[in-house]
Amino acid sequence: MPKIVTLPGDGIGPEVTAAAVQVLREVAPDVTIEEHAIGGGAYDTSGDPFPQRTRDALGDADAVLLGTVGGPQNSPWNRLPRHLRPESGLLALRKALGCYANLRPVRVQPGLEHLSPLKPELARGVDILIVRELLGGIYFDGDREIEGDTAYNTMRYTTAEVERVARVAFWAAEQRRGRVTSVDKANVLEVSELWRRDVTALQAREYRNVHLNHEYVDSVAMLIVADPGRYDVIVTENLFGDILSDLAAVIPGSLGLMPSASLGDGPGLFEPIHGSAPDIAGQGIANPAAAIMSAGMLLRHSLHRPDAANGIDRAVALALRAHPTRDLGGKADTWTFTEAVLEAMASPSVG
């Protein structure tokens, strides 16, 4: 029997995770779901943003469904030593799971083009998958320090790290439209020279059926909003991927529409990319669409149930058009929207 560990976390995390769990129980009643703590709330109760009990629960998990971590800018959590802050718990979770490839789909739902800040003719049909390297680069390199009035961080990658995330991007492109754009800054960074060299060599050896091109990150930052239809799969390193995926997230019209999957050596990690939104936590108005679609990605990538995942995606699309949430200009609250998804899934045309 498959086991899913849920980590609701902080802010609106428990609300949107509960909605996703409700949908999961409907489409996968055979799955065991076990809840554990992470983030600021976990620190408050155990003194650790990633408690040992949570670590232990991951040992026999097939997948992990995460809510959100962190609090407002003035939160006492932000004054803790860095290793005790909620975000450090998230980084430790990713490392513990060996999740080196973060998949962030950027898709404008049909009929919702008007929600995008882009012109409807630019937003229509946008379907980009950003594959971000998640365990290397500047975020994880230990060569960092603040020394008086000087501070430094370092970015480094190995060929093995580049190739493993590039393989995920090429594999994804084979399931989609067969095009990969590798993003770097090879004109000024040696680490990007290595990145470009290794991605090029891998494509030539193993993925000649996939078209590969290279673009600089500053150019992509402009083109991803000026001409988003040019992109199919984008692969890039950790820092660039963090920035580009958040930039691209505005295209569908709300962070509440952005799911993600992090894949690697162990159980997959699935989470909405929006923050903890402490200003609306507990009010029951958070948009759970991204969390529900993250549960769909969990079914697709970790439990290998594509039909159930497709059913969730179709049901969410229908619910978004019929019962938009407040961040989308509608009136639906968290549970009204979730019920709309469940009703759509029960429809013969969706299920």
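**Contacts, helix pairs and buried residues**

Biologist: Which residues does His274 touch, leaving aside residues up to four places away in sequence?
Modeller: His274 of this chain has contacts with residues beyond four places away in sequence, and the model in which they are found is a predicted one. His274 itself belongs to the loop that runs between strand 12 (268-270) and helix 10. With those up to four places away left out, the residues touched by His274 are Ile12, Val16, Thr68, Leu255, Gly256, Asn287 and Ala290.

Biologist: Does His274 count as buried or exposed, and at what relative accessibility?
Modeller: The cut-off for buried is under 20% relative accessible area, while exposed means over 50%. His274 falls under the lower of these limits and therefore counts as buried, its relative accessibility being 10%.

Biologist: How many residues of helix 10 are buried?
Modeller: Helix 10 covers residues 289-301, and its buried residues include Ala289, Ile292, Ser294, Gly296 and Leu299. Because so much of helix 10 is buried, the helix is largely enclosed by the rest of the structure. Of its 13 residues, the number buried is eleven.

Biologist: How far apart are the end C-alpha atoms of helix 10?
Modeller: At 1.5 Å a residue, the 13 residues of helix 10 would be expected to span 18 Å. The model agrees with that expectation, since the separation of the end C-alpha atoms is 18 Å.

Biologist: Are helix 10 and helix 11 roughly parallel or antiparallel to each other?
Modeller: The axes of helix 10 and helix 11 (residues 306-322) come within 7 Å, and they cross at roughly 165 degrees. Angles over 145 degrees count as roughly antiparallel. The relation of helix 10 to helix 11 is therefore roughly antiparallel.

Biologist: Is the crossing of helix 10 and helix 11 left-handed or right-handed, and how many nonpolar residues does their contact have?
Modeller: The crossing of this pair, helix 10 with helix 11, is left-handed. Among the residues that make the contact are Ile292, Met293 and Arg300 of helix 10, together with Ile312, Asp313 and Val316 of helix 11. Two residues of the contact are polar and two are charged, while the number that are nonpolar is ten.

Biologist: Is helix 1 roughly parallel or antiparallel to helix 12?
Modeller: Helix 1 (residues 13-27) and helix 12 (residues 334-346) have axes that come within 10 Å and cross at roughly 15 degrees. Because angles under 35 degrees count as roughly parallel, helix 1 is, with respect to helix 12, roughly parallel.

Biologist: How many residues of the contact of helix 1 with helix 12 are charged?
Modeller: In this right-handed crossing of helix 1 and helix 12, the residues that meet include Glu15, Ala18 and Val27 from helix 1, and Trp335, Glu339 and Leu342 from helix 12. Eight residues of the contact are nonpolar and three are polar, and the number that are charged is three.

Biologist: How far apart in space are Gly284 and Glu15, C-alpha to C-alpha?
Modeller: Gly284 is in the loop between strand 12 and helix 10, and its relative accessible area of 18% makes it buried. It touches Glu15, Asp333 and Thr334, once residues up to four places away in sequence are set aside. Although Gly284 and Glu15 are 269 residues apart in sequence, their C-alpha separation is 7.1 Å.

Biologist: What distance separates the C-alpha atoms of Val220 and Ile234?
Modeller: Val220 is part of helix 8 (residues 217-226), and a relative accessible area of 0% means that Val220 is buried. Ile234 is one of the residues that Val220 touches, as are Val183 and Tyr231. Val220 and Ile234 lie 14 residues apart along the chain, and the distance between their C-alpha atoms is 9.6 Å.

Key
Residues are numbered from 1 along each chain as its sequence is written. This is a predicted model: local features need pLDDT of at least 70, side-chain atom pairs count only at pLDDT 80 or more; totals for chains, interfaces and linings use all residues. Side-chain values use heavy atoms; hydrogens and water are left out. Axes are lines fitted to C-alpha atoms, for helices over the stretch in contact, and angles run from 0 to 180 degrees between N-to-C directions. Helices (H or I, at least four residues) and strands (E, at least two) are DSSP runs, numbered from the N terminus. Angles under 35 degrees count as roughly parallel, over 145 as roughly antiparallel, 65 to 115 as roughly perpendicular and the rest as oblique. A crossing is left-handed if the near helix is turned anticlockwise from the far one by less than a right angle, and right-handed if clockwise. Contact means heavy atoms within 4.5 Å. Ala, Val, Leu, Ile, Met, Phe, Trp, Tyr, Cys and Pro count as nonpolar, Asp, Glu, Lys and Arg as charged, and the others, Gly among them, as polar. The expected span of a helix is 1.5 Å times one less than its number of residues. Buried means under 20% relative accessible area, exposed over 50%, partly exposed in between (1.4 Å probe, protein chains only).
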